Amino acid sequence: MKIGILTGGGDCPGLNPVIRAIVRKAYNDKHETIGFNNGWKGIIEGETITLDLNSISGILPKGGTILGTSRTNPYKKAEDVQKVKENFKKFGIDALIAIGGEDTLGVANKLCKEGLNVVGVPKTIDNDLSATDYTFGFDTSVNIAMECIDRLHTTAESHHRIMVVEVMGRHAGWIATYAGIAGGADVVLIPEVPIDLDEVCGILKKRHSRGRTFSIVVVAEGAKMKASDMTKDQSLDEFGHVKLGGIGDYLGKEIEKKTGYETRVTVLGHIQRGGSPTAFDRVLGTRFGIKAVELVENKKFGQMVSLSGTKIVAVPLEKGVEKLKTVDMELYDIAKVFFG
Ligand code: F6P
């Protein structure tokens, strides 16, 4: 069989371990592999990259993706879907493994319905894909954010300041909640729960009234004020997502104004997506990659690999993309125990 591979959407640590596992398993089982550059753009434009044992040598610890990525949506233009179909034939692809988040897998699902043999591998640092317990990349991001929070703690304590830390999380506050719990945040704010500024300031004042002279506030980039819609940039990407940012700065200013405590803001941004994957993400990515090849071999198209408890299973792509997985409120309640 000839198996095509592409990585779409925002990059994330763990993509290279998935690619490596697919290529290695395919090689062992006597299949051929070919990479498409830069997500769906590569298959639309017919830009390919050789994927053999040489090309995967040494990529396991590398962040990002050797295939490159983009947020290209073939369903933006009818002719692009046609080009995808033509290039499937032209390159003699028997099956495509699409590695991506809700957008990439949404396209994979549609193409499958149009008769193409596609299998999905779920990826996002946001961990907001349904039908899998975790996506790879999330664990690395949480560890990066946690380490940053640890570092901010020592400077916050020395200067007796409030530190607002903005982390990624477009629609779901998984990174904020996990990094907040792991880093000992005094307040965690997530998109699932609109921010009540008076309540936040009340929590900080209470903490300071019992002798604390510094606090850490973790806020997800997609968190919204109860009263207003905070977005820095209203331009949309090809999948219709607003570019986020600005909530940390806004919150920092408002907290300082309302409490009188000196406040500083740190936006972690793409630092959370860069660098080497953790052991957890390397192992999860490797297991996902191998399972994806097994799905292809068993002609289980229209499925995506998924982590269910400790097992890697297959679920319909549809299940993965039908709705976003938001933060479990029982987990958020655990973070709340340490507020103030
Ligand atoms: O979807 C993952 C993610 O990292 C989000 O957390 C974030 O909002 C977005 O991607 C940033 O996208 P870009 O890399 O296009 O700025």
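**Exercise 1. Decide whether histidine 153 is buried or exposed, and find what it touches.**

Solution. Histidine 153 has a relative accessibility of 18% and therefore counts as buried, where buried means under 20% relative accessible area, exposed over 50%, and partly exposed in between, with a 1.4 Å probe and protein chains only. The model is a predicted one, in which local features need pLDDT of at least 70 and side-chain atom pairs count only at pLDDT 80 or more, while totals for chains, interfaces and linings use all residues. Residues are numbered from 1 along each chain as its sequence is written, and side-chain values use heavy atoms, with hydrogens and water left out.

Next, place the residue: histidine 153 belongs to helix H5, helices (H or I, at least four residues) and strands (E, at least two) being DSSP runs numbered from the N terminus. Finally, once neighbours within four places in sequence are set aside, histidine 153 has contacts (heavy atoms within 4.5 Å) with Gly183, Gly184, Phe214 and Ile216.

**Exercise 2. Describe the span of helix H5 and what covers its buried residues.**

Solution. Start with the length: H5 runs over residues 138-159, which is 22 residues, and its first and last C-alpha atoms are 31 Å apart, close to the 32 Å expected at 1.5 Å a residue; the expected span is 1.5 Å times one less than the number of residues. Then list the buried positions, among them Phe138, Val142, Ile144, Cys148, Ile149, Leu152 and His153. The cover over the buried residues of H5 includes strands E6 (162-167), E8 (215-220) and E11 (263-267), together with helices H6 (174-183) and H9 (279-297). Just after H5, histidine 160 has a positive phi of about 55°.

**Exercise 3. Work out how many disulfides the structure holds, and why cysteine 148 does not bond to cysteine 12.**

Solution. A disulfide is here a pair of cysteine sulfur atoms within 2.5 Å, and the structure holds zero of them. For cysteine 148 the closest cysteine sulfur is that of cysteine 12, and at 17 Å it is too far for a bond. Cysteine 201, for its part, is buried, with a relative accessible area of 4%.

**Exercise 4. Identify which residues surround the ligand, and follow arginine 273 from the ligand into the protein.**

Solution. First, the surroundings: Arg71, Ile125, Asp126, Met168, Gly169, Arg170, Glu221, His270 and Arg273 surround the ligand, each having a heavy atom within 4 Å of it. Second, the polar distances: an N or O atom in the side chain of aspartate 126 is 2.7 Å from a ligand oxygen, the corresponding distance for histidine 270 is 3.0 Å, and a polar side-chain atom of arginine 273 lies 2.8 Å from an oxygen atom of the ligand. The protein covers 75% of the 400 Å² of accessible area that the ligand has on its own, areas coming from the Shrake-Rupley method with a 1.4 Å probe, in which only the protein chains shown count as cover for residues.

Third, arginine 273 sits in the loop between E11 and H9 and is buried, at 16% relative accessibility. Its side chain makes a polar contact of 2.9 Å with that of aspartate 11; such a contact is a pair of N or O atoms within 3.5 Å, where within protein one must be able to donate a hydrogen and the other to accept it, and residues adjacent in sequence count only if both atoms are side-chain atoms. Beyond neighbours within four places in sequence, the contacts of arginine 273 include Gly10, Cys12, Pro13 and Arg71.
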